[in-house]
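Please find below a colleague's note on the structure shown here. The points are numbered and may be read in any order.

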Number of protein chains: 2
Amino acid sequence: MAFSLSDAELQEIYSFALDLGRRAGRILMDGVERRTGEASGRDEKRDVAGEEKMNAVDIVTQTDLDVEAFVLKEITERFPSHKFIGEETYSSGSSREYLITDEPTWCVDPLDGTVNYTHLFPMFCVSIAFILNGIPVVGIIYQPVLDTTYSALVGYGAWQDDGHHTKSRKSLPLVNNPKQVLPPNAPKGCIFSCEWGKDRRDTEGGNMWRKVNSFVNMAAEIGGRGGKGGMVHGVRSLGSATLDLAYVAAGSFDIWWEGGCWEWDVAAGICILREAGGLITTAHPPPNPETDPIEEVRLGSRLYLAIRPAGDSDTETGQQAQERVVRETWKRVQKLDYSRPGA
Amino acid sequence: MAFSLSDAELQEIYSFALDLGRRAGRILMDGVERRTGEASGRDEKRDVAGEEKMNAVDIVTQTDLDVEAFVLKEITERFPSHKFIGEETYSSGSSREYLITDEPTWCVDPLDGTVNYTHLFPMFCVSIAFILNGIPVVGIIYQPVLDTTYSALVGYGAWQDDGHHTKSRKSLPLVNNPKQVLPPNAPKGCIFSCEWGKDRRDTEGGNMWRKVNSFVNMAAEIGGRGGKGGMVHGVRSLGSATLDLAYVAAGSFDIWWEGGCWEWDVAAGICILREAGGLITTAHPPPNPETDPIEEVRLGSRLYLAIRPAGDSDTETGQQAQERVVRETWKRVQKLDYSRPGA
């Protein structure tokens, strides 16, 4: 059953989500301040007592839960008929089923980049998506240390900042607006974004070696690796899937290839990337990377390959260039071993 | 010949450098704004004409040169007797000699993370060090997108922000002040910072494979890699050696291991790291990593291993813990092939 919302309703949801992301981010920053001795005067006694009892990991876990509870409460009060899927509540359950249906659904990661947050490294964020008929139609990524929001409303565009909470609003992609063409010999010349992940088994079939072999193919000199060498211009690993995707939408990264993350990590980013003009499909190279169809990404597939927005050149459209880069990446990466029921 | 400056002179140099870093960063941000359509009203005609003639790489190269020229001019006017070594002027020369002597010397990278700057990824910075008797005694790293300064004055400490240009000043390390202990089974539990670099030869003796083998040793499960598996908690690659080091000083990263960068990339960071209580030595594992001495880093050695500030535990001092982590890292990394005359 297809659901429909009016333009005014979607605009309302977008504005609400934009504000909600910033308020959630504020709670994350309160947690930072508690840990760097910048606790505010209010209720200082409680803060000090709390710090004595809680270590850094406890504080982070509690903040994560607090933010999700706050976001859930705000959404439920404003939109009581909408469904809600949050990283914390989902992970505490026993099912790993893909639960997103056609119904109006919020999909939230209160804190992406948890390890970065624990270590006070600025690459963490709040991720809030609103999904209709299985498609993310509103996406908000708020990075509180930089006070930067990446957002999109389907059909309207994608932006950095909002011109309301901040002084300006910039269309995505940021880099070379109007959109810059992709390098003619890509992946050569590209910034490649990837993550090492948690699966570190030292076996050929384990995800670590599948990733390492793929990374090295992308990085090695042209002619190296039996012809697979891609000589990317740079390799970046931030420890946040959500921000990886935001930086692809901004045009800062050209290619993001990853497996193992979940829908709440990517739902907002997928909306923002698409509205910015980017392409996202599966990380899994098909049997024939040269000719097999480039399918729509499945939100819950846990396997993602994103290409940044790209302008037309004299010889190809931006989309043709993106598809070329997808195929060149597929030729160099290995299948990853992540799956899930119901996706 | 040893040089000596009074405390008041060093304080003056520190204040001057702190301000200079911010002013240089402002020029970098002007370059960003020119490229994202946020050019200021003044001289708009020239900006538009400039943009038509210059592509992104031209703008970046010009900005890099402009910032170095600005910093050189400011330093020369204020401290005409001091020597100056800048990344841009050095690189345009033919010598690769190590030129730092005992004389009062400024060592400046006007833009570290140039590729990130080109791509408008926030991990770029200005790096300014003042060196006396071969030792960096003042270090300033300014990251303009975050409006964040990391700085140190030898003997006084290291800080994030300054309480003058910004509302607060925080002592480094940020994480868990007083200093947090290093993990007992390090590198397990550590955040490992590393860069892929530009040398991508696909040969066993090339730096790419020496790095990849080292990265995989650090990342693989305990028991993997013939016992070398270090199971670090996370691997980060930012594309800026200077910021890698700043984040080690802040406590956000535990271990940074790198070869190939130069003194202007690390001079300010070394000062900040040491004042924060961190340790820096050579990336090169000695013949016996368990017992060989942990030597002082040579500024121009191009081979660096940094460990974050660490607190005492019940069983070891912070320094003992740092030395333990140096040795555990040395056991897992390979020698890199970078050299230079005169270092």
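**Notes on the predicted model**

1. Among the residues of chain B, B:Ser237 comes closest to the rotation axis, its C-alpha lying at 2.4 Å. A turn of 180° with a shift of 0.0 Å along the axis lays chain B on chain A with an RMSD of 0.0 Å; the superposition is by least squares on the C-alpha atoms of residues with pLDDT of at least 70 in both copies. The two copies are therefore related as by a two-fold rotation axis. Both use the same surface, since 100% of the contact residues of chain B recur in chain A (contact means heavy atoms within 4.5 Å).

2. On conventions, this is a predicted model in which local features need pLDDT of at least 70 and side-chain atom pairs count only at pLDDT 80 or more, whereas totals for chains, interfaces and linings use all residues. Residues are numbered from 1 along each chain as its sequence is written, chains are lettered from A and ligands numbered from 1 in the order in which they are written, and side-chain values use heavy atoms, with hydrogens and water left out.

3. Helix 6 of chain A (residues 207–219) has 13 residues and reaches 18 Å from its first C-alpha to its last, close to the 18 Å expected at 1.5 Å a residue. The expected span is 1.5 Å times one less than the number of residues; helices (H or I, at least four residues) and strands (E, at least two) are DSSP runs numbered from the N terminus. Because 12 of its 13 residues are buried, helix 6 of chain A is largely enclosed by the rest of the structure. Buried means under 20% relative accessible area, exposed over 50%, and partly exposed in between, with a 1.4 Å probe and protein chains only. The buried residues include A:Trp209, A:Lys211 and A:Phe215. Their cover includes strand 8 (191–193), strand 9 (234–236), strand 10 (255–259) and helix 9 (318–330) of chain A, together with helix 6 of chain B.

4. How many salt bridges does the structure hold over all chains? There are 33, each a side-chain nitrogen of Lys or Arg within 4 Å of a carboxyl oxygen of Asp or Glu. One of them joins A:Arg78 to A:Glu12, with the closest N and O atoms 3.1 Å apart. A:Arg78 belongs to helix 3 (residues 56–78) of chain A and A:Glu12 to helix 1 (residues 7–35) of chain A, so this pair ties together parts 66 residues apart in sequence. A:Arg78 is partly exposed at 42% relative accessibility, and A:Glu12 is partly exposed at 34%.

5. In chain B, B:Glu258 forms a salt bridge with B:Lys211, the closest N and O atoms being 2.7 Å apart. B:Glu258 is in strand 10 (residues 255–259) of chain B and B:Lys211 in helix 6 (residues 207–219) of chain B, 47 residues apart. Both B:Glu258 and B:Lys211 are buried.

6. Are there cysteine pairs to consider, and what does a search of the whole structure find? The search finds zero disulfides over all chains, a disulfide being a pair of cysteine sulfur atoms within 2.5 Å. The sulfur of A:Cys194 is 10 Å from the closest cysteine sulfur, that of B:Cys194, which is too far for a bond. B:Cys190 is likewise in no disulfide, the nearest cysteine sulfur, in B:Cys194, being 13 Å away. A:Cys194 is buried at 0% relative accessibility, and B:Cys190 is buried at 0%.
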